[in-house]
Amino acid sequence: MSELQEIPIFPLNSVLFPKGKISLQIFEQRYLDLVASSLKNDMGFGVTLLKDGYEVIKPGKEQTMYSIGTYARIVDWTQLDNGLLGITVEGVKKFKSGQCWCTDNALFMAKVRFSDRDASTANPIPIEDDRSGMTQLLQLLEDHPAVQDMNLNIDYENLWELGWRLSELIPVALVIKLELLELDDPWERIKVIEETIRFFGYDDD
């Protein structure tokens with residue numbers, strides 16, 4: 001992990017991995033300001049999974065979030081048919097947050113340490129033949145129309161990307177996806193994914 005850095009945080013009911021994409025509708029003023037600042041300064045923000053509360057601020061309901069997240073950058077934006085601002089963000093690198101606080105305009109900030117390994121710039125790791133079943137599963141998941149709309153550019157020969165994309169796309173609870181994100185070893189991540197999907201009835205043998 002790197003030295004502490006201060007970044008804005010966008011808590012969501014989603015778990016984002018490096019090189020993964022999420023489309024968002026922006027309408028709260030705190031996030032309109034965040035998007036404007038991010039585009040102006042060519043900066044990103046952290047995406048973390050909500051532990052308590054809702055994505056939208058509601059009176060009397062506090063937002064809390066998990067400490068593991070992914071730094072993301074805006075890769076596309078447009079005005080949607082409903083008049084709202086739509087953005088697409090792409091994961092860059094994992095982080096672990098420490099001190100977290102809320103600004104006067106209700107935007108969360110945190111001091112984080114970025115992962116030195118779990119990042120889109122990680123050196124590719126070749127996939128061994130005994131993982132071919134996992135590659136086939138990912139190809140099947142990518143055929144889903146909702147996944148195709150993400151326009152993912154997946155390197156099927158890279159163990160990092162195999163683990164990231166399967167973690168995002170397999171139909172398991174968000175807390176399980178978060179546990180997969182928390183893992184630092186790409187081989188261990190694939191092993192846990194294999195155990196998870198077998199538990200839910202899939203066998204690649």
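Immediately after helix α1, Asp42 adopts a positive phi of about 50°. The model is a predicted one, in which local features require pLDDT of at least 70 and side-chain atom pairs count only at pLDDT 80 or more, whereas totals for chains, interfaces and linings use all residues. Residues are numbered from 1 along each chain as its sequence is written, and side-chain values rest on heavy atoms, with hydrogens and water left out. Helices (H or I, at least four residues) and strands (E, at least two) are DSSP runs numbered from the N terminus.

Asp42 lies in the loop between α1 and β3 and counts as exposed, at 58% relative accessibility; buried denotes under 20% relative accessible area, exposed over 50%, and partly exposed the range in between (1.4 Å probe, protein chains only). A positive phi, near 70°, is also found at Lys19, a residue other than glycine. Lys19 belongs to the loop between β1 and β2 and is partly exposed, with a relative accessible area of 28%. Most residues other than glycine have a negative phi.

Helix α1 comprises 13 residues (residues 29-41), for which a span of 18 Å is expected at 1.5 Å a residue; its end C-alpha atoms are 18 Å apart, in agreement with that value. The expected span is 1.5 Å times one less than the number of residues. Within α1, the buried residues are Arg30, Tyr31, Leu34, Val35 and Ser38. Viewed down the axis of α1, these buried residues fall within an arc of 130°, and they therefore line one face of the helix; the arc is that of the directions from the helix axis to the C-beta atoms. An α-helix has 3.6 residues a turn, so residues three or four places apart point the same way. Gln29 and Lys40, on the other side of α1, are exposed. The buried residues of α1 pack against strands β1 (5-12), β2 (21-26), β3 (45-52), β4 (64-79), β5 (85-102) and β6 (108-119), contact being defined as heavy atoms within 4.5 Å.

In helix α4 (residues 159-169), 11 of the 11 residues are buried, so the helix is largely enclosed by the rest of the structure. The buried residues of α4 include the charged-letter positions Glu161, Arg165 and Glu168 as well as Trp160 and Trp164. At the start of α4, a side-chain oxygen of Asn158 reaches to within 3.0 Å of the backbone nitrogen of Trp160.

The largest nonpolar core has 28 residues, and those with the most contacts inside it are Met134, Leu138, Leu162, Leu166, Ile170 and Ile193. Elements giving two or more residues to this core are α2 (132-142), α4, α5 (174-182) and α6 (186-199), with the largest share, 6 residues, coming from α4. A nonpolar core is a set of buried Ala, Val, Leu, Ile, Met, Phe, Trp, Tyr and Cys residues joined through side-chain atoms within 4.5 Å. Ile170 touches Leu141, Lys177, Leu180, Ile193 and Ile197, when residues up to four places away in sequence are not counted. A second, separate core of 18 residues includes Phe10, Leu24, Ile74 and Val89.

A search of the whole structure finds 0 disulfides, a disulfide being a pair of cysteine sulfur atoms within 2.5 Å. Cys100 is in no disulfide, the nearest cysteine sulfur being that of Cys102, 8.0 Å away. Cys100 counts as partly exposed at 37% relative accessibility, and Cys102 as partly exposed at 44%.

Terms used:
A polar contact is a pair of N or O atoms within 3.5 Å; within protein, one must be able to donate a hydrogen and the other to accept it, and residues adjacent in sequence count only if both atoms are side-chain atoms.
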